[in-house]
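User: I would like a close look at one part of this model, a sheet and the strands that pair within it. Please then set that part in the context of the rest of the chain.

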Amino acid sequence: MIQTDALVIGAGPVGLFTVFQLGLQGLQAQVVDVLDAPGGQCAALYPDKPIYDIPGVPVCSGRELTQNLLRQIAPFSPGCHWDQLVSSLEVQADGRWLVSTERKHQPCQQFLARTVVVAAGVGAFVPKELKLDGLGPFLGQQLFYKAPPPELVSDKDIVIVGGEDEAVAQAVHLAQACQARSITLVYRREVLQASEDTLAEFAVLRDAGRIHFQAGQITGIQTNDQRLTGVTVSTPDDQTLNLPLDLLLVFQGISPKLGPVAQWGLAMERKQLTVDTASFATSAPGIFAVGDVITYPGKKKLIVCGFHEATLAAFGAAALVHPEASTVLQYTTSSALLQQRLGVL
Ligand code: FAD
């Protein structure tokens with residue numbers, strides 16, 4: 001159980017900037033994201049695209065913005081918890097929030113937080129599932145939506161599903177770094193959609209017979225004695241073939257699921273949280289919300305708007321945690337207190 005002043009749900013740009021503003025307010029924060037790395041949409045959907053409307057930054061990529069935000073929050077040493085989904089929030093008798101997360105292959109993590117800031121964006125990013133009858137029980141044993149543990153790979157027949165960067169890069173990585181028996185990439189189209197460098201490496205390995213490629217759609221599975229033994233592929237020329245396998249790796253991209261946020265009993269309008277725009281408080285005492293997950297008159301889903309919301313939410317959280325503290329506005333340029341917190345004095 002981790003006790004904290006503030007728990008931030010979501011490590012997108014707005015969640016990360018919230019951690020910074022909470023730090024300026026003297027609040028210790030923990031930040032949780034279901035993804036295995038911070039950055040939210042910027043890192044997961046457009047890491048290399050240029051962003052032109054961050055104040056004072058004429059241009060930066062989604063990845064650079066994330067890296068700069070991480071540098072900015074570093075002085076406050078927040079606790080960072082990736083790869084876990086915040087699933088439940090329960091108010092305690094003393095007004096604190098018991099927050100539980102779900103982690104794969106590990107017991108859940110619990111936090112006891114005096115305040116919570118929901119910065120869940122368009123929802124938790126989760127891998128797009130391969131929807132086939134009977135596949136579910138093999139998850140984590142023979143079916144993976146991320147790189148499998150290295151010890152599982154050696155001497156195995158591996159089928160990788162997907163045709164974009166992550167899938168092609170994974171096929172290349174496994175062919176170069178692991179002792180798999182066979183690697184077959186299956187994609188619904190003949191043309192793969194990865195970066196030039198990755199495609200070039202893929203072509204070399206394919207010519208050398210170390211990776212096979214099969215265009216087609218996976219339509220079924222074969223099992224034997226509770227083991228997944230193969231998949232059925234329908235090819236573009238209407239053939240059906242069976243590919244034997246030991247491991248099935250699926251990399252079809254990610255999609256957002258609002259999921260648990262909608263089940264926390266917070267007031268919502270059209271699947272977004274409603275807030276008081278003076279402090280970005282939600283309908284539950286001690287829970288604030290910022291960024292793409294909220295709605296209010298005039299709301300724009302822009303990073304700069306989220307940064308403003310994060311600033312006021314941090315003031316709101318500080319007023320709850322330290323009601324005795326002075327409310328005189330302080331500037332980072334001149335406040336010794338803020339500079340001490342930033343570690344620059
Ligand atoms: P997000 O970035 O969506 O991050 C939310 C995070 O919360 C995610 O990482 C998610 O996994 C996590 N999460 C959600 N629920 C849970 C849960 N229950 N447990 C754990 N984690 C959870 N905006 C601009 O201002 N300028 C631009 O140029 C611009 N270009 C864009 C280009 C594209 C292609 C896209 C898609 C968006 C663009 N945007 C741009 C919009 C901008 O990216 C969003 O406004 C911004 O990312 C919102 O930040 P956020 O932190 O609120 O949410």
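How many bridges join strand 12 to strand 13, and do these strands run parallel or antiparallel?

Analyst: The model is a predicted one. In it, strand 12 (residues 182-187) and strand 13 run parallel and are joined by four bridges. One pair of facing residues here is Y187 and A215, the latter in strand 13.

This pairing belongs to an open sheet of five strands, ordered 10-17-11-12-13, in which the pairing is parallel. Strand 10 and strand 13 (212-215) are the edges of that sheet, each pairing on one side only. Strand 10 (residues 143-144) pairs with strand 17 over two bridges, in the parallel sense, and L143 has L248 of strand 17 as its bridge partner. Strand 11 (residues 157-161) also runs parallel to strand 17, and four bridges join the two. In that pairing I158 is opposite L247 of strand 17.

Strand 17 (residues 247-250) deserves a closer look. In a regular strand, side chains alternate between the two faces of the sheet. Strand 17 has L247 and L249 on one side and L248 and V250 on the other, and all four residues are buried, so that both faces of the strand are covered. The two bridge partners already named in strand 17, L248 for L143 and L247 for I158, therefore lie on opposite sides of the strand.

Now the setting of this sheet. The protein chain is divided into domain 1 (2-125 + 255-342) and domain 2 (129-252). Taken over C-alpha atoms, the centres of domain 1 and domain 2 are 37 Å apart. The C-alpha trace of the whole protein chain spans about 70 × 45 × 40 Å along its principal axes. The chain contains seven helices and 22 strands, and 38% of its 345 residues count as buried. Of the contacts between residues at least 6 apart in sequence, 63% join residues at least 24 apart.

Antiparallel pairing is found elsewhere in the chain. Strand 14 (residues 217-224) pairs in the antiparallel sense with strand 15 (residues 227-234) over seven bridges, and N224 is opposite R227 in strand 15. The hairpin of strand 14 and strand 15 has two residues between the strands, and D225 takes a positive phi near 55°.

Strand 6, strand 7 and strand 8 are linked by two further hairpins. Strand 6 and strand 7 (residues 97-103) pair in the antiparallel sense over seven bridges, with R103 in strand 7 as the bridge partner of Q84. Five residues separate strand 6 from strand 7 in their hairpin, and G95 in the turn has a positive phi of about 90°. Strand 7 runs antiparallel to strand 8 (residues 106-118), joined by six bridges, one facing pair being W97 and A113 in strand 8. The hairpin of strand 7 and strand 8 has two residues between the strands, with H105 in the turn at a positive phi of about 60°.

Strand 6 also leads to the ligand. Among the elements that give two or more residues to the shell around the ligand are strand 6 (84-91), helix 1 (13-24) and helix 6 (303-321). Of the 37 residues around the ligand, G10, G12, G40, G121 and G291 come nearest. By class, this shell holds 23 nonpolar, 10 polar and four charged residues.

The unreviewed UniProt entry adds annotations. Its "domain: FAD/NAD(P)-binding" covers residues 5-297, a stretch that is 18% helix and 35% strand, with its end C-alpha atoms 29 Å apart. The annotation "binding site" in the unreviewed entry covers D33, Q41, Y46, V86, F125, D292 and T333. These positions spread over 301 residues of sequence and also in space, up to 37.2 Å between C-alpha atoms.

Two of these annotated residues contrast in burial. V86 lies in strand 6 and is buried because 27 other C-beta atoms are within 10 Å. Leaving out residues up to four places away in sequence, V86 touches I9, V32, V99, T101 and P260. T333 sits in the loop between helix 6 and helix 7 (336-342), and T333 counts as exposed because 7 other C-beta atoms are within 10 Å.

Technical notes:
Residues are numbered from 1 along each chain as its sequence is written. This is a predicted model: local features need pLDDT of at least 70, side-chain atom pairs count only at pLDDT 80 or more; totals for chains, interfaces and linings use all residues. A residue is near a molecule or strand if its C-beta atom, placed from the backbone, lies within 6 Å of it. Ala, Val, Leu, Ile, Met, Phe, Trp, Tyr, Cys and Pro count as nonpolar, Asp, Glu, Lys and Arg as charged, and the others, Gly among them, as polar. A residue is buried if 20 or more other C-beta atoms lie within 10 Å of its own, exposed if 12 or fewer, and partly exposed in between; C-beta atoms are placed from the backbone. Two residues are in contact if their C-beta atoms, placed from the backbone, lie within 7 Å. Two strands pair if DSSP finds at least two bridges between them. UniProt positions are given in the numbering used here, feature names are shortened, and annotations may be inferred rather than shown by experiment. Domain bounds come from an automatic or database domain assignment.
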